[in-house]
Structures are given as structure tokens and as C-alpha cells.
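Please open the model in your viewer with side chains shown, and keep the sequence panel at hand for making selections.

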Amino acid sequence: MKKFLILSVSMFILYYSASIVFAETVYLKNGRVVTGVIVEKTERQIKIEANGLLLTYYLDEIERIGDGASSSEQVVAVPKKTKSLSGDSKNLALRYMEAAGVKENMRKTFDNVIAQSPEEDRDKLAQAFNVEDIVLQLVPIYEKYFSDKELQDLINFYESPTGRKVLEVNPMILQDSMDVSYKYFQGKLE
């Protein structure tokens, strides 16, 4: 039971952390264009998940990175691991998790897990699942990958009407995507 709960909570945190990220387009110098989720950026390379594949590109292969919305986009340099620029990083990370719905989704998931648990375990689980404590453990992760400015930009986005809509429709997009993928693979394997 304990292993199941730990795995469930870990999967939830991973899912909601990943689902917050949106697709980016990588324009390669050879003319290829790759759209997906950038999962890692280093001084020398990026790793992007596209169509279920993890692809690695070195910076000298990349012309630019952007959302593809405009041909007048500026080149976006792939930064080194971003360091916090001020003491406000913790507060920005906490505000971001609030704005992006991480805390609320975590609360809902914990409530569901507790409700589905045997009656005798519910009090113990309710005490163990402290959202505020867990969120504080996640702050260094956000500080590791985002600068203060980037966190503020993300907060601004998720507090905007478009950002709120992204949060509202992401679960439906995920479900629809899973349904389409299931049907696709089912058709291929018959």
C-alpha cells in the first residue's frame, strides 16, 4: 500500500510538472524543424521530446528556438543552467506553482488518494500528505531551471486569460491525445 501511494504521488508530481511545459520549435541549420517539449538544456546541447522520441541536438546544429509563430522571431540562445538572481526566487517559484495550478492539483490528487484508501489509513495519510511541505521541497527544482525573470514571465502567462485556458483544457487535451494514440496503435497492431 505504501509503495503504491508513493508511486502515485510521484507520478502525479511528474505529470503535473511536465504538463505545465508547452511545446517549442527548434529550427536546425540543416533546414529541419522539430517541435516538442525541451526536457533538458545544457551549455552544449538540448534534449527535446518529440512524437514520443527523445532527441538530442548540439547547439552548433541549432539556428534558433522559438514557437514558430512569426518569421521575424529573434534567435533564442539556449542558456546554461540558470541561477537565481535574487532572494525572491523562492517566492517566485511558490507563486508560479500556485498560478500554474500545481498546488491545487496536488491537493485534489491527495484528497482522491485519501478517499480511496481504507478507513483506518485515512488519518495517517492526511497527515503525511502536506501539500505545503511538498511544494517547499520542489522550490529548488524550479530555481535550478528558471531564472527569476522566467518565473515571473510564467506567472504572468498563467495568470492571463490564455494561461488559465491552457490549465483548463490541458487535461482534456491529454485525454483526447491518449484516446487518439490508443486507436492509432490499436489499428497498427491488428
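The stops below go from one helix to another and then to the charged pairs.

This is a predicted model, in which local features need pLDDT of at least 70 and side-chain atom pairs count only at pLDDT 80 or more, while totals for chains, interfaces and linings use all residues. Residues are numbered from 1 along each chain as its sequence is written, and side-chain values use heavy atoms, with hydrogens and water left out.

Select first helix α2, residues 89-99 (helices are DSSP runs of H or I, at least four residues, numbered from the N terminus). Here S89, L92, A93, Y96, M97 and A99 are buried (under 20% relative accessible area, with exposed over 50% and partly exposed in between, using a 1.4 Å probe and protein chains only). Seen down the axis of α2, these buried residues fall within an arc of 165° and so line one face of the helix, the arc being that of the directions from the helix axis to the C-beta atoms.

Move next to α5 (131-145), whose buried residues are V131, I134, V135, L138, V139 and Y142. At Q137 the helix α5 bends by about 30°, and P140 follows within four residues; the bend is the angle between axes fitted to the seven residues ending there and the seven starting there.

Now select K103 and E132, whose side chains meet in a salt bridge at 3.3 Å, N to O (a side-chain nitrogen of Lys or Arg within 4 Å of a carboxyl oxygen of Asp or Glu). This pair links distant parts of the chain, with K103 in α3 and E132 in α5, 29 residues apart. Adding E98, E104 and R107 to the selection shows the network of salt bridges that links them with K103 and E132.

Conventions. Helices (H or I, at least four residues) and strands (E, at least two) are DSSP runs, numbered from the N terminus. Contact means heavy atoms within 4.5 Å.
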